[in-house]
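Please read the following account of a predicted model alongside its sequence and coordinates. The text moves through the structure one region at a time.

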Amino acid sequence: MLPECQLFGTLGCHLCEQAEEVLMPLVEHGLLVELMDIADSPEWVDYYGLRIPVLRRVDTGAELDWPFEANQVVSFLGAPQRE
């Protein structure tokens, strides 16, 4: 079973849109991804503002910074350890 993930980004971010496109085939195969808008939290803006988009595993808290490709996401999802 694939771990649940969060994609940190914000509206109008073209890199975030590209990340969503990379993730869509995986979502179609059962990956659950919650879109998290960093504008909703000053702490997220401080932490993720210069890094977005960032894919975060809910189970471990491990994060994968952009740029990433589908094969990197698959490897990331298979790695249970905390980064």
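What follows takes up the aromatic residues, the largest pocket, a buried arginine, one helix, the proline bonds and some separate positions.

The aromatic residues are a convenient place to start. A pair of aromatic rings is described by the distance of the centres and the angle of the planes. In this model the count of aromatic pairs comes to four. One of them is formed by Phe-8 and Trp-44, whose ring centres are 5.2 Å apart; their planes stand at 80°, so the pair is edge-to-face, the cut-off for that class being over 60 degrees. Phe-8 belongs to strand 1 (residues 5-9) and Trp-44 to helix 2 (residues 42-48), so this pair ties together parts that are 36 residues apart in sequence. The two partners differ in accessibility: Phe-8 is buried, with a relative accessible area of 3%, whereas Trp-44 is partly exposed at 26%. Another pair consists of Tyr-47 and Tyr-48, with ring centres 4.7 Å apart and planes at 90°, so this pair is edge-to-face as well. Here Tyr-47 is partly exposed, with a relative accessible area of 48%, and Tyr-48 is buried at 4%. Phe-8, Trp-44, Tyr-47 and Tyr-48 together form one aromatic cluster.

Strand 1 also has a part in the largest pocket. Rolling a probe the size of a water molecule over the atoms shows where empty space is left. The largest pocket holds about 160 Å³ of space. Its lining is made of 13 residues, of which Gly-9, Thr-10, Leu-11, Glu-20 and Leu-35 are the closest to the centre of the pocket. At least two lining residues come from each of strand 1, helix 1 (14-28) and strand 2 (33-37). By residue class, the lining of the largest pocket has seven nonpolar, three polar and three charged members.

The loop between strand 1 and helix 1 contains Cys-13. Is Cys-13 buried or exposed? Its relative accessibility is 13%, and because the limit for a buried residue is under 20%, Cys-13 counts as buried. Further along, Gln-18 lies in helix 1 and counts as partly exposed, at 35% relative accessibility. Gln-18 and Pro-3 are 15 residues apart in sequence, and their C-alpha atoms are 21 Å apart in space. Cys-13 and Pro-53, in turn, are 40 residues apart in sequence, with 8.4 Å in space from C-alpha to C-alpha.

Pro-53 leads on to the peptide bonds. Pro-53 sits in the loop between helix 2 and strand 3, and a cis peptide bond, with omega of about 0°, joins Ile-52 to Pro-53. A cis peptide bond also joins Trp-66 and Pro-67, with omega of about 5°. Pro-67 is placed in the loop between strand 4 and helix 3.

Next comes a charged side chain in strand 3. Arg-57 is part of strand 3 (residues 54-57). With a relative accessible area of 4%, Arg-57 is buried. What does the side chain of Arg-57 reach at 3.2 Å? The partner is the backbone oxygen of Phe-76. A polar atom of the Arg-57 side chain also lies 2.8 Å from the backbone oxygen of Leu-77.

Both of these backbone partners recur in helix 3. The buried residues of helix 3 (residues 70-78) are Val-73, Phe-76 and Leu-77. These three cover an arc of only 95° around the axis, which puts them on the same side of helix 3. Asn-71, Ser-75 and Gly-78 are exposed on the other side of helix 3. The backbone oxygens that Arg-57 contacts thus belong to two of the buried residues of this helix, Phe-76 and Leu-77.

A last position is Thr-60, in the loop between strand 3 and strand 4 (63-65). At 11% relative accessibility, Thr-60 counts as buried. A polar atom of the Thr-60 side chain lies 3.1 Å from the backbone nitrogen of Ala-62.

Key:
Residues are numbered from 1 along each chain as its sequence is written. This is a predicted model: local features need pLDDT of at least 70, side-chain atom pairs count only at pLDDT 80 or more; totals for chains, interfaces and linings use all residues. Side-chain values use heavy atoms; hydrogens and water are left out. Helices (H or I, at least four residues) and strands (E, at least two) are DSSP runs, numbered from the N terminus. Buried means under 20% relative accessible area, exposed over 50%, partly exposed in between (1.4 Å probe, protein chains only). A polar contact is a pair of N or O atoms within 3.5 Å; within protein, one must be able to donate a hydrogen and the other to accept it, and residues adjacent in sequence count only if both atoms are side-chain atoms. Rings of Phe, Tyr and Trp (its six-membered ring) pair if their centres lie within 6.5 Å; planes under 30 degrees apart count as stacked, over 60 as edge-to-face and the rest as tilted. On a 1 Å grid over the protein atoms alone, a cavity is a set of points where a 1.4 Å probe fits but cannot get out, and a pocket is an open set with protein on both sides within 12 Å along at least five of seven lines; lining residues have an atom within 4 Å of a point. Grid points are joined across faces, edges and corners, and a volume is the space filled by probe spheres set on the points. Ala, Val, Leu, Ile, Met, Phe, Trp, Tyr, Cys and Pro count as nonpolar, Asp, Glu, Lys and Arg as charged, and the others, Gly among them, as polar. The arc is that of the directions from the helix axis to the C-beta atoms.
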